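Visitor: I'm new to looking at protein models, and I'd like a close look at just one part of this one. Could you take me through the aromatic rings and whatever sits around them?

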Amino acid sequence: MVAVAAGNEFEDGNPTAYPAAYAAQIRGAMAVGAVGRSSKRAYYSNTGTYVEIAAPGGDFRDGGAAGLVTQIGLQESDFD
């Protein structure tokens, strides 16, 4: 399965986001929206018929700092 972000422009008119809009036509791909701590759409997450599922995305408007999702990336210097 390939997850494709639905977009983060809801407050900018909620435009259809590409390539996410193509996901419904591609076997094994899903467009993913974001929800906050209360399981409601994150304020920034795009919506539309192409969005098939939502996942925790973090939303400081929904829970303040506790509503954020911490992301940690691997650094190349961590590996030989």
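Guide: Here is a walk through the aromatic rings, with a few stops in the surroundings.

Before we zoom in, keep in mind that this is a predicted model. The average pLDDT of the protein is 88, and 91% of the residues score at least 70. Among the strands, β2 (residues 29-35) has the highest confidence, with a mean of 95, while β1 (residues 2-5) has the lowest, at 92.

Now for the general layout. The protein has 3 strands and 0 helices, so to speak a plain β-β-β pattern when you read along the sequence. Its C-alpha trace spans about 40 × 35 × 20 Å along the principal axes. Of its 80 residues, 29% count as buried.

On to the rings. To describe a pair of aromatic rings, you give the distance of the centres and the angle of the planes. Searching the whole structure turns up 3 aromatic pairs. Let's start with Tyr43 and Tyr44: their ring centres are 5.1 Å apart and their planes meet at 90°, so this pair is edge-to-face. The cut-off behind that label is an angle over 60 degrees. Is Tyr44 buried or exposed? Tyr44 is buried, because its relative accessible area is 15%, and the limit for buried is under 20%.

Tyr43 has another partner, Phe60. These two are also an edge-to-face pair, with 5.6 Å from centre to centre and 75° between the planes. What does this pair tie together? Tyr43 belongs to the loop between β2 and β3 (51-56), whereas Phe60 belongs to the segment after β3, so the contact ties together parts that are 17 residues apart in sequence. Phe60 has a relative accessibility of 47%, so it counts as partly exposed. Put the ring pairs together and you get a cluster made of Tyr43, Tyr44 and Phe60.

Rings can have charged neighbours too, and Tyr43 is a good place to see one. The charged end of Arg61 sits over the Tyr43 ring, 3.7 Å from the ring centre. You can find a second example at Phe10, where Arg41 lies over the face of the ring, 3.5 Å from its centre.

Stay with Arg61 for a moment, since there is another contact to look at. A search of the whole structure finds 1 salt bridge, and Arg61 forms it with Glu11, with 2.7 Å between the closest N and O atoms. Arg61 lies in the segment after β3 and Glu11 in the loop between β1 and β2, so this bridge ties together parts that are 50 residues apart in sequence. At a relative accessibility of 49%, Arg61 counts as partly exposed.

So what picture do we have so far? Tyr43 pairs with Tyr44, pairs with Phe60 as well, and has the charged end of Arg61 over its ring. Arg61, in turn, has its salt bridge to Glu11.

Glu11 brings us to the loop between β1 and β2, and there are some other things to look at there. Asn14 is found in this loop, and it has a positive phi of about 50° although it is not a glycine. Asn14 counts as partly exposed, at 22% relative accessibility. Pro19 is in that loop too, and a cis peptide bond, with omega about 15°, joins it to Tyr18.

Tyr18 is worth a second look, because it helps to form a nonpolar patch on the surface. Which residues make up this patch? They are Tyr18, Tyr22 and Ile26, and together they have about 350 Å² of accessible area. Ile26 sits in the loop between β1 and β2, and at 46% relative accessibility it counts as partly exposed.

For one last stop, go back to the loop between β2 and β3, where we met Tyr43. Ser39 lies in that loop. Ser39 is not a glycine, yet it has a positive phi of about 70°. With a relative accessible area of 60%, Ser39 is exposed.

Terms used:
Residues are numbered from 1 along each chain as its sequence is written. This is a predicted model: local features need pLDDT of at least 70, side-chain atom pairs count only at pLDDT 80 or more; totals for chains, interfaces and linings use all residues. Side-chain values use heavy atoms; hydrogens and water are left out. pLDDT is the predictor's confidence in each residue, from 0 to 100. Helices (H or I, at least four residues) and strands (E, at least two) are DSSP runs, numbered from the N terminus. Rings of Phe, Tyr and Trp (its six-membered ring) pair if their centres lie within 6.5 Å; planes under 30 degrees apart count as stacked, over 60 as edge-to-face and the rest as tilted. Buried means under 20% relative accessible area, exposed over 50%, partly exposed in between (1.4 Å probe, protein chains only). A charge sits over a ring if NZ of Lys or CZ of Arg is within 6 Å of the ring centre and within 35 degrees of the ring normal. Patches are made of residues with over 30% relative accessible area and no salt bridge: like charges are joined within 9 Å, nonpolar side chains (Val, Leu, Ile, Met, Phe, Trp, Tyr) within 5 Å. Accessible areas come from the Shrake-Rupley method with a 1.4 Å probe; for residues, only the protein chains shown count as cover. A salt bridge is a side-chain nitrogen of Lys or Arg within 4 Å of a carboxyl oxygen of Asp or Glu.
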